[in-house]
Amino acid sequence: MDTIDWSNLSFGYMKTDYNVRSYYRDGKWGEPQLETSEYINLHMAATCLHYGQEVFEGLKAFKGRDGKIRIFRVRDNALRMQSSARGILMAEPPVELFEEMVLTAVKKNRRFVPPYESGASLYIRPLLIGTSAQVGVKPAKEYLLLVFVTPVGPYFKEGFKPTPMVILREYDRAAPLGTGRYKVGGNYAASLAADEKAHKMGYSAVLYLDAKEKKYIDECGPANFFGIKNNSYITPESTSILPSITNKSLMQLAKDMGMKVEQRRVPVEELATFEEAGACGTAAVISPISRIDDLAEKKTYVFCEDDKPGPVCEKLYHKLRAIQYGDDPDPYGWITVLD
Ligand code: PLP
Ligand code: COI
């Protein structure tokens with residue numbers, strides 16, 4: 001434990017002391033249980049294994065300068081898990097149960113919350129799976145909600161440094177009326193081949209276009225997209241992207257900074273007009289985009305130099321982090337402080 005190099009954590013898995021589980025059986029959620037095992041005993045015909053009945057969440061806890069632990073927007077994650085569960089006909093965990101399990105998972109693993117100075121955080125991963133046996137394509141009758149945590153550093157290994165992204169028109173991630181708006185595992189399976197290809201070519205992520213017309217920007221593999229121009233924060237509206245809680249927070253912070261906020265369809269060509277661009281999410285925080293290559297169209301859009309994020313990305317990033325770590329006040333009630 002003493003050997004954790006907090007300042008050099010990657011976005012990876014590390015075993016912690018406990019996870020928390022609740023089972024849904026006979027139409028009811030059971031009392032949350034503490035577990036030390038990292039394994040699940042699962043029926044081989046469980047619906048999560050065959051028909052993708054799996055949804056998850058991602059949120060973070062931060063240790064402040066004052067030593068207190070703060071969890072960011074846990075209620076929003078609970079509500080989004082409910083929406084995802086409804087989307088693929090799974091039992092919806094009550095908000096209070098989700099919140100209680102997240103808080104317990106963090107409290108019981110407090111020694112894994114990275115110190116303030118490291119700039120790292122504790123990633124919280126709630127997972128909901130269909131567990132009962134089914135061979136016909138039907139929803140399960142039983143579910144498991146599990147929350148584990150793991151200390152993490154930046155998702156993109158460069159941290160808050162601009163990276164290049166790529167449009168690969170030969171791949172889609174989610175259909176317009178499909179599951180892109182839910183946080184289901186299948187969306188990530190659908191992104192693996194394109195992501196791998198992008199990484200091999202030296203890009204940090206794929207920027208997906210709308211699958212139907214290939215005209216509008218959807219989102220990056222693990223994060224929403226935003227562009228900045230003329231004092232406006234512009235981010236795509238689409239039925240096939242995940243409603244990012246980080247993006248929602250940045251829209252509020254941009255407004256507070258006197259910027260105009262536009263959530264609307266964003267045509268690919270508009271990339272040429274942005275002064276800055278970024279990817280945002282719990283794991284990604286803000287990852288400034290240095291350039292976007294649209295390979296099939298042989299077009300390149302440049303936003304900044306490789307080592308210098310734009311001023312608006314920089315300002316938004318520091319403001320968000322200041323609220324998360326408790327350096328700045330929390331005017332919107334986004335933070336739950338652990339006792
Ligand atoms: N889009 C996708 C596909 C994601 O996986 C994530 C991560 O959760 C996001 C966007 C960002 O969402 P949030 O800010 O709620 O983490
Ligand atoms: C998150 O930001 O929480 C994500 O889920 C992104 C990725 C790790 C899947």
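The following dialogue examines how several descriptions of this predicted model are justified.

Trainee: Why is Leu 89 called exposed or buried?

Mentor: Leu 89 has a relative accessibility of 57%. Exposed means over 50%, so Leu 89 counts as exposed. Leu 89 is located in the loop between α2 (74-87) and α3 (95-108).

Trainee: Which term applies to Lys 298, and why?

Mentor: The relative accessibility of Lys 298 is 75%. Because the cut-off for exposed is over 50%, Lys 298 counts as exposed. Lys 298 belongs to the loop between β16 (285-294) and β17 (299-302).

Trainee: What makes the phi of Leu 89 worth noting?

Mentor: Most residues other than glycine have a negative phi. Leu 89 is not a glycine, yet its phi is positive, near 55°. Lys 298, also not a glycine, has a positive phi of about 55°.

Trainee: Why is Tyr 155 placed in a category of its own, and which one is it?

Mentor: Its relative accessibility is 34%. Buried means under 20% and exposed over 50%, so Tyr 155 counts as partly exposed. Tyr 155 sits in the loop between β8 (143-152) and β9.

Trainee: Which residues does Tyr 155 contact beyond its neighbours within four places in sequence?

Mentor: Those residues are Phe 11, Pro 222, Ala 283 and Ala 284. Pro 222 is 67 residues from Tyr 155 along the chain, and their C-alpha atoms are 9.3 Å apart. The contact with Pro 222 rests on heavy atoms within 4.5 Å, not on the C-alpha separation.

Trainee: How do you know that the length of α4 agrees with that of a helix?

Mentor: Helix α4 has 16 residues, 185-200, and at 1.5 Å a residue it should span 22 Å. Its end C-alpha atoms are 23 Å apart, so the two values agree. There is nevertheless a bend of about 40° at Leu 192.

Trainee: What do the buried residues of α4 pack against?

Mentor: They pack against β9 (163-167) and β10 (205-209). The buried residues are Asn 187, Ser 191, Ala 194, Asp 195 and Ala 198. After α4 comes Gly 202, with a positive phi near 95°.

Trainee: How do you know that α5 has the expected span?

Mentor: The 12 residues of α5, 245-256, should span 16 Å at 1.5 Å a residue. The end C-alpha atoms lie 17 Å apart, which agrees. The buried residues of α5 include Ile 245, Leu 250 and Met 251.

Trainee: What makes Ser 244 a cap of α5?

Mentor: A side-chain oxygen of Ser 244 lies 3.2 Å from the backbone nitrogen of Thr 246, at the N-terminal end of α5. A polar contact requires N or O atoms within 3.5 Å, and the 3.2 Å separation satisfies that distance.

Trainee: What makes the pairing of Tyr 188 with ligand 1 a polar contact?

Mentor: An N or O atom in the side chain of Tyr 188 is 2.5 Å from an oxygen atom of ligand 1. The limit is 3.5 Å, so this pair qualifies. In addition, a polar side-chain atom of Glu 219 is 2.6 Å from a nitrogen atom of ligand 1. The protein covers 97% of the 380 Å² of accessible area that ligand 1 has on its own.

Trainee: Which residues make polar contacts with ligand 2?

Mentor: Among them are Tyr 123, through a polar side-chain atom 2.6 Å from an oxygen atom of ligand 2, and Lys 183, through a polar side-chain atom at 2.7 Å from an oxygen atom. A polar backbone atom of Ala 283 is 2.8 Å from an oxygen atom of ligand 2. Ligand 2 alone exposes 280 Å², of which the protein buries 90%.

Methods: Residues are numbered from 1 along each chain as its sequence is written. Chains are lettered from A and ligands numbered from 1 in the order in which they are written. This is a predicted model: local features need pLDDT of at least 70, side-chain atom pairs count only at pLDDT 80 or more; totals for chains, interfaces and linings use all residues. Side-chain values use heavy atoms; hydrogens and water are left out. Helices (H or I, at least four residues) and strands (E, at least two) are DSSP runs, numbered from the N terminus. The expected span of a helix is 1.5 Å times one less than its number of residues. The bend at a residue is the angle between axes fitted to the seven residues ending there and the seven starting there. Buried means under 20% relative accessible area, exposed over 50%, partly exposed in between (1.4 Å probe, protein chains only). A polar contact is a pair of N or O atoms within 3.5 Å; within protein, one must be able to donate a hydrogen and the other to accept it, and residues adjacent in sequence count only if both atoms are side-chain atoms. Accessible areas come from the Shrake-Rupley method with a 1.4 Å probe; for residues, only the protein chains shown count as cover.
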